[in-house]
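Here are some notes to read with the model open beside you. Go through them in order and find each residue as you reach it.

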Amino acid sequence: MKTVMARQVLDHKDKLSTVKVLQASLVDLIDLALQGKQAHWNVVGPNFRSVHLQLDEVIADTRSASDEVAERIATLGTAANGRANGVATASRLTAYPDGFQTAPETVHLVADRLATTIQALREAIEHLESTDPVSQDLLISVAARLEKHLWMVQAQEA
Ligand SMILES: [Fe+2]
């Protein structure tokens, strides 16, 4: 197993600290995308179609963000871990409930999970200020995209 790249862009201490934070965000994003599909498949009732279709937009952006974060981890010389068992144990999101959910309940559940992901991203952004501004910039762009989705999901609660 190859674990060390000859040319590192960060010093060892900053790299370890940065990768730990990115890895924690990665598993949250993977879980958010999986939970988004669970929500997309199982939403029922009035407004089904708009919520069902909107969720695929959230999922597409979340998947693309997870890919960017994983590739940033690899760029820093560490193997990204997006395996299911790791996501199941390390994600900070509350598990999605079983069964069908009404559209209003789906909106509420997805908004809560977006908010949890965003809060953790904002803590990561603060942490990365001192270790890696390039990784920080990536998480800022991810947070901006998810915050826009949170706006558009929770606007339906009014
Ligand atoms: Fe679908």
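1. Let's begin with a bit of vocabulary: two helices whose angle is over 145 degrees count as roughly antiparallel, while angles under 35 degrees count as roughly parallel. Keep in mind as you look that this is a predicted model. Now try it on H2 and H5, whose axes cross at roughly 170° and come within 11 Å. That angle is over 145 degrees, so H2 and H5 are roughly antiparallel to each other. On the H2 side, the residues that meet H5 are Gln54, Val58, Asp61, Ala65, Glu68, Val69 and Arg72. Their partners in H5 are Ser135, Leu138, Val142, Arg145, His149 and Met152.

2. Next, do H2 and H4 run roughly parallel or roughly antiparallel? Their packing angle is about 25°, with the axes 9 Å apart. Since 25° is under 35 degrees, H2 and H4 are roughly parallel. The crossing of H2 past H4 is left-handed. Phe48, Val51 and Leu55 of H2 make this contact with Ala103, Thr106, Val107 and Val110 of H4.

3. H1 and H4 make another pair to try. Here the axes are 10 Å apart and the angle is about 170°, which makes H1 roughly antiparallel to H4. The contact list is a long read, so just pick out a few: from H1 it includes Val21, Leu29 and Ala39, and from H4 it includes Thr106, Val110 and Leu121.

4. Does the length of H2 add up? What span should its 28 residues have, at 1.5 Å a residue? The answer is 40 Å, and the C-alpha atoms at the two ends of H2 (residues 48–75) are 40 Å apart, so the two agree.

5. Stay with H2 and ask which of its residues are buried. They are Val51, Gln54, Leu55, Val58, Thr62, Ala65, Ser66, Val69, Ala70, Arg72 and Ile73. The spacing in that list has a general background: an α-helix has 3.6 residues a turn, so residues three or four places apart point the same way. What do the buried residues of H2 pack against? Helix H1 (12–42), strand S1 (43–44), helix H4 (103–128) and helix H5 (133–154).

6. Arg49 also sits in H2, but is it buried or exposed? It's exposed, because there are 10 other C-beta atoms within 10 Å, and 12 or fewer is the cut-off for that label. The C-alpha atom of Arg49 is 15 Å from that of Gln38, which is 11 residues away along the chain.

7. Compare that with two buried residues. Val27, in helix H1, is buried because it has 23 other C-beta atoms within 10 Å. Leaving out neighbours within four places in sequence, Val27 is in contact with Gly86, Val87, Ala90 and Ser91. Thr106, in helix H4, is buried too, with 27 such atoms within 10 Å. Thr106 touches Ala39, Val43, Val51 and Gln101, again not counting residues up to four places away. Thr106 and Val51 are 55 residues apart along the chain, yet their C-alpha atoms are separated by 8.0 Å.

8. Now for the largest nonpolar core, which has 35 residues. Leu26, Val69, Ile73, Leu139 and Val142 touch the most other members. H1, H2, H4 and H5 are the elements that give two or more residues to this core, and H1 provides the largest share, 9 residues. As a general background, nonpolar side chains tend to be buried together in soluble globular proteins. For a close look, take Val142: outside its neighbours within four places in sequence, Val142 is in contact with Ala65, Val69 and Leu121.

9. Last, check the backbone on either side of H2. Asn47 is in the loop between S1 and H2, and its phi is near 70°, a positive value in a residue other than glycine. As a rule, most residues other than glycine have a negative phi. Asn47 counts as partly exposed, with 16 C-beta neighbours inside 10 Å. Just after H2, Gly77 takes a positive phi as well, of about 95°.

Technical notes:
Residues are numbered from 1 along each chain as its sequence is written. This is a predicted model: local features need pLDDT of at least 70, side-chain atom pairs count only at pLDDT 80 or more; totals for chains, interfaces and linings use all residues. Helices (H or I, at least four residues) and strands (E, at least two) are DSSP runs, numbered from the N terminus. The expected span of a helix is 1.5 Å times one less than its number of residues. A residue is buried if 20 or more other C-beta atoms lie within 10 Å of its own, exposed if 12 or fewer, and partly exposed in between; C-beta atoms are placed from the backbone. Two residues are in contact if their C-beta atoms, placed from the backbone, lie within 7 Å. A nonpolar core is a set of buried Ala, Val, Leu, Ile, Met, Phe, Trp, Tyr and Cys residues joined through C-beta atoms within 7 Å. Axes are lines fitted to C-alpha atoms, for helices over the stretch in contact, and angles run from 0 to 180 degrees between N-to-C directions. Angles under 35 degrees count as roughly parallel, over 145 as roughly antiparallel, 65 to 115 as roughly perpendicular and the rest as oblique. A crossing is left-handed if the near helix is turned anticlockwise from the far one by less than a right angle, and right-handed if clockwise.
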